[in-house]
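Here are some notes to read alongside the model. I have put them as numbered points so that you can follow each one on the structure.

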Amino acid sequence: MPISAPEGAAAPSPLLTLRGIEAGYGKIRVLHGVDLVIGAGEVVTLLGPNGAGKTTLLRAISGLIPPSGGDARFAGRSLAGLGPREAVKAGLAHVIEGHRIFTAQTVYDNLLLAAYDVPRAERAARVEEALAHFPEIAEKRHDKGASLSGGQQQMLAVAQGLVTRPRLLMLDEPSAGLSPVLVDRVLNVVRRLREGGTAVLLVEQLIEKALAVSDRVYALAQGRIVLEARADEPNLPHRLERAYFGEEASSALHA
Ligand SMILES: Nc1ncnc2c1ncn2[C@@H]1O[C@H](COP(=O)(O)OP(=O)(O)OP(=O)(O)O)[C@@H](O)[C@H]1O
């Protein structure tokens, strides 16, 4: 049975609240007023066709590109004017699509570098904490990044996102280039993070696998949110199709 707040008590404020976010590149407008909410410890998948603006939205949240409009709040504070480093310090980690690790450095040093802003005395423990999620790369902690397989490098990139102990971890297509077994392993980490209370925003093409670890889903099309639903909603595949292709195209498909 869901635990409801006592009557009259204020609902806990969400961890991340986006209202009317607009962003793009120079004169190119990509996001046209995006509203999105993530609760503490919630796993949310962001779906959408190629070019919809998913990566751009993650970049706008993590300070890699400044939004040109709207309001973004994280853990009770405005994200306006925050650069990527400040966003990480505020508790936001963004594992970018196709993230490259430092191949000339060891696995351990890659993680230490990612823990740059963690107090020195805590860094080693944070590195171990991140490695504990990935026994396969923990075994290779003294090996150079270059010696890891593509999948292991991808895991190392996710582990780098974890050393800062984020309240929200944003993963941009973590399955890209991974074998099905490794995809499951990365998504299992998402499941474990959720159990531990870390919120995750997941951009993923493997829709079914992503939904299996998610609480809710948003779909973005042409820079606008066109659907918001619970991940276990029975009618979701049909709604997604309509959201992706528009109602008319969907009716034509089923005609
Ligand atoms: N650095 C950039 N400079 C100019 N335009 C860009 C840049 N990055 C992305 N775009 C454009 O912004 C739009 C949205 O791209 P974005 O990568 O955010 O979409 P996406 O939904 O993540 O797509 P995909 O699933 O293909 O990664 C696209 O039209 C893309 O060409």
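1. Let's begin with one glycine: does G151 count as buried, exposed or partly exposed, and why? Bear in mind that this is a predicted model. G151 counts as partly exposed because it has 19 C-beta neighbours inside 10 Å, while a buried residue needs 20 or more. You will find G151 in helix 6, which covers residues 150–162. Leaving out residues up to four places away in sequence, G151 touches L178, S179 and L182. L79, by contrast, is 72 residues from G151 in sequence and 32 Å from it in space, C-alpha to C-alpha.

2. Next, the sheet that helix 6 packs on. Helix 6 lies across strand 6 and strand 7 (168–172), and runs at about 170° to strand 6. Helix 7 (residues 180–195) packs on the sheet too, touching strand 3, strand 7 and strand 8 (199–203). The direction of helix 7 makes about 155° with that of strand 8.

3. How are the strands of this open sheet ordered? Its six strands follow the order 6-7-8-3-9-10, with mixed pairing. Strand 6 (92–95) and strand 10 stand at the edges with a single partner strand each, so one side of each has no neighbour in the sheet. From one strand to the next, the twist averages 15°.

4. Strand 9 is a good place to see the mixed pairing in detail. With strand 3 (residues 43–47), strand 9 (residues 216–221) pairs in the parallel sense over four bridges; here T45 has V217 as its bridge partner. With strand 10 (residues 224–230), strand 9 pairs in the antiparallel sense over six bridges. V217 has A229 as its bridge partner in strand 10, and L220 stands opposite I225. Two residues lie between the strands of this hairpin, where Q222 takes a positive phi near 50°.

5. Now for the nonpolar core. The largest one has 72 residues, and those touching the most other members are L46, V158, A159, L168, M170, V200 and L202. Take V200: beyond its neighbours within four places in sequence, V200 is in contact with V43, L169, L171, V190, L193 and R194.

6. There is a second open sheet to look at. Its four strands come in the order 2-1-4-5, and the pairing is antiparallel. Strand 2 and strand 5 (77–78) are the edge strands, each pairing on one side only. Strand 4 (residues 69–74) and strand 5 are joined by two bridges, and R73 stands opposite S78. Helix 1 lies across strand 1 (16–25), strand 2 and strand 4, at about 70° to strand 2.

7. Why is helix 1 described as largely enclosed by the rest of the structure? Eight of its nine residues are buried, so the rest of the structure largely encloses helix 1. The buried residues are K54, T56, L57, L58, R59, A60, I61 and S62. After helix 1 comes G63, with a positive phi near 85°.

8. Last, please look at the ligand. Around it are Y25, I28, V30, G48, N50, G51, A52, G53, K54, T55 and T56. Strand 2 (28–38) and helix 1 (54–62) are the elements giving two or more residues to this shell, and helix 1 gives the most, with three. By class, the shell has four nonpolar, six polar and one charged residues.

Key:
Residues are numbered from 1 along each chain as its sequence is written. This is a predicted model: local features need pLDDT of at least 70, side-chain atom pairs count only at pLDDT 80 or more; totals for chains, interfaces and linings use all residues. A residue is near a molecule or strand if its C-beta atom, placed from the backbone, lies within 6 Å of it. Ala, Val, Leu, Ile, Met, Phe, Trp, Tyr, Cys and Pro count as nonpolar, Asp, Glu, Lys and Arg as charged, and the others, Gly among them, as polar. Two strands pair if DSSP finds at least two bridges between them. A residue is buried if 20 or more other C-beta atoms lie within 10 Å of its own, exposed if 12 or fewer, and partly exposed in between; C-beta atoms are placed from the backbone. A nonpolar core is a set of buried Ala, Val, Leu, Ile, Met, Phe, Trp, Tyr and Cys residues joined through C-beta atoms within 7 Å. Two residues are in contact if their C-beta atoms, placed from the backbone, lie within 7 Å. Axes are lines fitted to C-alpha atoms, for helices over the stretch in contact, and angles run from 0 to 180 degrees between N-to-C directions.
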